[in-house]
Amino acid sequence: MAKILIVDDQLGVRRLLFETFREDQHEVEMAANGVEALRLFESFGPDLILMDMKMPGMNGLETLERIRALNRQVGVIMMTAYGDIQNMEQAKDLGILCYMGKPFDLFELRERVGAILKAI
């Protein structure tokens, strides 16, 4: 069982991923924005973070930069509906494991998460 942090400003996406990964027997927490994500990151200590790129206030890249200042090792999957090449390159430089486009295929995401967690 792994600890997974879901960071997305859309409640529906957070709930779907929460239920999916809880069903897979993982411990899951949710954050609606970057500030909540940073607070939960420190108290929850996730093994993997699934984070939206576009969020109001502190976006996914800014949140990732702050997380990397605290921990260079935690796995991060970035999710985005916007294919901004510059942001993708910046996120890769910050060590994300992969990108998932939105809308994502839940089965593919579940499979990818499973493979990542086995490798940790």
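Guide: Two residues are in contact when they have heavy atoms within 4.5 Å of each other. The model is predicted, with local features needing pLDDT of at least 70 and side-chain atom pairs counting only at pLDDT 80 or more, while totals for chains, interfaces and linings use all residues. Numbering runs from 1 along each chain as its sequence is written, and side-chain values use heavy atoms, with hydrogens and water left out.

Visitor: Let's try that on Met 79: leaving aside its neighbours within four places in sequence, which residues is it in contact with?

Guide: With those neighbours set aside, Met 79 is in contact with Val 7, Asp 8, Leu 17, Leu 50, Met 51, Asp 52, Met 53, Met 100, Lys 102 and Phe 104.

Visitor: And why is Met 79 called buried?

Guide: Buried means under 20% relative accessible area, exposed means over 50%, and partly exposed is in between (1.4 Å probe, protein chains only). Met 79 has 0%, so it is buried. It lies in strand β4, and strands here are DSSP runs of E with at least two residues, helices are runs of H or I with at least four, and both are numbered from the N terminus.

Visitor: What makes Leu 94 count as buried?

Guide: Its relative accessible area is 15%, so Leu 94 is on the buried side of the cut-off. It sits in the loop between α4 (85-93) and β5. Beyond the residues within four places in sequence, Leu 94 is in contact with Leu 61, Leu 64, Glu 65 and Arg 68. Its C-alpha atom is 22 Å from that of Lys 118, 24 residues apart along the chain.

Visitor: How about the loop between α1 and β2: what makes His 26 buried, and what makes Gln 25 exposed?

Guide: His 26 has 16% relative accessibility, so it counts as buried. Gln 25 has a relative accessible area of 55%, so it is exposed. Both Gln 25 and His 26 are in that loop. Not counting residues up to four places away in sequence, His 26 touches Met 1, Ala 2, Ile 4, Phe 21 and Leu 117.

Visitor: What is the phi of Gln 25?

Guide: Phi is near 75°, a positive value in a residue other than glycine. Gln 25 follows α1.

Visitor: How do you know that the length of α1 agrees with its number of residues?

Guide: The expected span of a helix is 1.5 Å times one less than its number of residues. For the 13 residues of α1 that gives 18 Å, and the end C-alpha atoms are 18 Å apart, so the two agree.

Visitor: Which residues of α1 are buried, and what covers them?

Guide: Val 13, Arg 14, Leu 17, Phe 18, Thr 20 and Phe 21 are the buried ones. Their cover includes β1, β2, β3, β4 and α5. Take Thr 20: its relative accessible area is 6%, so buried is the right word. Apart from neighbours within four places in sequence, Thr 20 is in contact with Leu 106 and Arg 110.

Visitor: On to α5: which of its residues are buried, and how do you know that they line one face?

Guide: Leu 109, Val 113, Ile 116 and Leu 117 are buried in α5. Down the helix axis they fall within an arc of 95°, so they line one face. The arc is that of the directions from the helix axis to the C-beta atoms. An α-helix has 3.6 residues a turn, so residues three or four places apart point the same way. On the other side of α5, Phe 107, Glu 111, Lys 118 and Ala 119 are exposed. The buried residues pack against β1 (3-7), α1 (11-23), β3 (48-52), β4 (75-80) and β5 (98-101).

Visitor: What about the loop just ahead, with Pro 103: is the peptide bond from Lys 102 cis or trans?

Guide: The bond from Lys 102 to Pro 103 is cis, with omega near 0°. Pro 103 is in the loop between β5 and α5.

Visitor: Which residues line the largest pocket, and how do they divide?

Guide: A pocket, on a 1 Å grid over the protein atoms alone, is an open set of points where a 1.4 Å probe fits, with protein on both sides within 12 Å along at least five of seven lines, and lining residues have an atom within 4 Å of a point. Here the lining is Asp 9, Gln 10, Val 13, Asp 52, Lys 54, Ala 81, Tyr 82, Lys 102, Pro 103 and Phe 104. Ala, Val, Leu, Ile, Met, Phe, Trp, Tyr, Cys and Pro count as nonpolar, Asp, Glu, Lys and Arg as charged, and the others, Gly among them, as polar. That divides the lining into 5 nonpolar, 1 polar and 4 charged. The pocket holds about 150 Å³ of space.

Key
Grid points are joined across faces, edges and corners, and a volume is the space filled by probe spheres set on the points.
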